[in-house]
Amino acid sequence: MTAGAGDAHPGFGAFAKAHREFFDALGPDGWQPVAGYCGVAEKILSGRLDPVRRTGALTRLSRWEPGARVETAVSHAWCEEVFIISGTLSIGLAGGLRIGQADGPGPVTRLGPGTYACRPADIPHGPFFSETGCLMIEFTYFPPI
């Protein structure tokens, strides 16, 4: 999550995002596989994160193919906001129970278009899978100090 398009515009301050006018964010160019996630691709729309310095902000699309999954809960040092645009994403294990959440084991929770999450840093979330595939927009950032 360190890529970004263009030079940082000073108007974005510590978030170091480039000024970009309208472009085809859903076009075929710019999609890259997400390391460690089978069947998940990302397209960086703006910004960059620097996990070493704990600075920056990044906006990306995340595209999950049907059957894509993350089989363990994850957490990270940055804040994250996620909005499901299309398709479905499920919390839990495909064919199994919802595990690894603060509320303990339970049934799989299926999330559809219009679902939103806002997480501070270091919050475990997942595991996840998508039976139908899904498209999400994600806003990730280190809070300015």
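Reader: Quick one to start: how far is the sulfur of C118 from the closest cysteine sulfur?

Author: It's 7.6 Å, and the partner in question is C79, so the two are too far apart for a bond. Keep in mind that this is a predicted model.

Reader: OK, so how many disulfides does the structure hold?

Author: Zero. A disulfide would need the two sulfur atoms within 2.5 Å, and the sulfur of C79 has its closest cysteine sulfur, that of C118, at 7.6 Å.

Reader: And C79, buried or exposed?

Author: C79 is buried, at a relative accessible area of 10%. C118 is partly exposed, with 48%.

Reader: Let's step back. What is the chain built from?

Author: There are 10 strands and zero helices. Going from the N terminus, the elements read β-β-β-β-β-β-β-β-β-β. The chain has 145 residues, and 40% of them are buried.

Reader: How do the six strands of the open sheet line up?

Author: Their order is β1-β2-β3-β10-β5-β8, and the pairing is antiparallel. β1 (32-33) and β8 (116-119) are the edge strands; each has a single partner strand, so one side of each has no neighbour in the sheet.

Reader: How many bridges join β2 to β3?

Author: 10 bridges, between residues 40-50 of β2 and residues 55-64 of β3, with the strands running antiparallel. As one example, K43 has L61 in β3 as its bridge partner.

Reader: And around β5, which strands does it pair with?

Author: β10 is joined to β5 by eight bridges, antiparallel, and G87 stands opposite C134 there. β8 pairs with β5 over four bridges, again in the antiparallel sense. In that pairing, E81 has C118 as its bridge partner, and that's the cysteine we began with.

Reader: What about the four-strand sheet, what's its order?

Author: That open sheet goes β4-β9-β6-β7, with antiparallel pairing. Its edges are β4 (69-70) and β7 (109-111), each with a single partner strand, so one side of each is left without a neighbour in the sheet. β6, residues 89-91, is joined to β7 by three bridges, and I91 sits opposite T109 in β7.

Reader: Switching topic. Which residues touch the most other members in the largest nonpolar core?

Author: V40, W64, I84, L89, F128, C134 and M136, out of 13 residues in that core. β5 (79-87), β6 and β10 (134-141) are the elements that give two or more residues to it.

Reader: Where's the other core, and how many residues does it have?

Author: It lies apart from the largest one and has seven residues, among them W31, L45, L135 and I137. In general, nonpolar side chains tend to be buried together in soluble globular proteins.

Reader: I'm curious about V40. What is it in contact with, leaving aside neighbours within four places in sequence?

Author: Q32, P33, V34, S62, R63, W64 and A68. W64 is a fellow member of the largest nonpolar core.

Reader: Now R119: buried or exposed?

Author: R119 counts as buried, because its relative accessibility is 17% and the cut-off for buried is under 20%. R119 is found in strand β8.

Reader: Which side chain does the R119 side chain make a polar contact with?

Author: That would be the side chain of E80, at 2.5 Å. Beyond neighbours within four places in sequence, R119 is in contact with C79, E80, V82, H125 and F128. So C79 comes up here again, as a contact of R119.

Reader: How many aromatic pairs does a search of the whole structure find?

Author: One. The rings are those of W78 and F142, with centres 6.2 Å apart and planes at 80°, so the pair is edge-to-face.

Reader: Where in the chain do W78 and F142 sit?

Author: W78 is in the loop between β4 and β5, and F142 is in the segment after β10. They are 64 residues apart, so the pair links distant parts of the chain. Both W78 and F142 are buried.

Reader: Last one: among contacts between residues at least 6 apart in sequence, what share join residues at least 24 apart?

Author: 68% of them.

Conventions
Residues numbered from 1 in each chain as written. Predicted model: local features only at pLDDT ≥ 70, side-chain atom pairs only at ≥ 80, totals over all residues. Heavy atoms only, no water. Pairing = 2+ DSSP bridges. Buried < 20%, exposed > 50% of the residue type's maximum accessible area, 1.4 Å probe, protein only. Core = buried A, V, L, I, M, F, W, Y, C linked by side-chain atoms within 4.5 Å. Contact = heavy atoms within 4.5 Å. Polar contact = N/O pair within 3.5 Å; in protein donor to acceptor, adjacent residues only side chain to side chain. Phe/Tyr/Trp six-rings, centres within 6.5 Å; stacked < 30°, edge-to-face > 60°.
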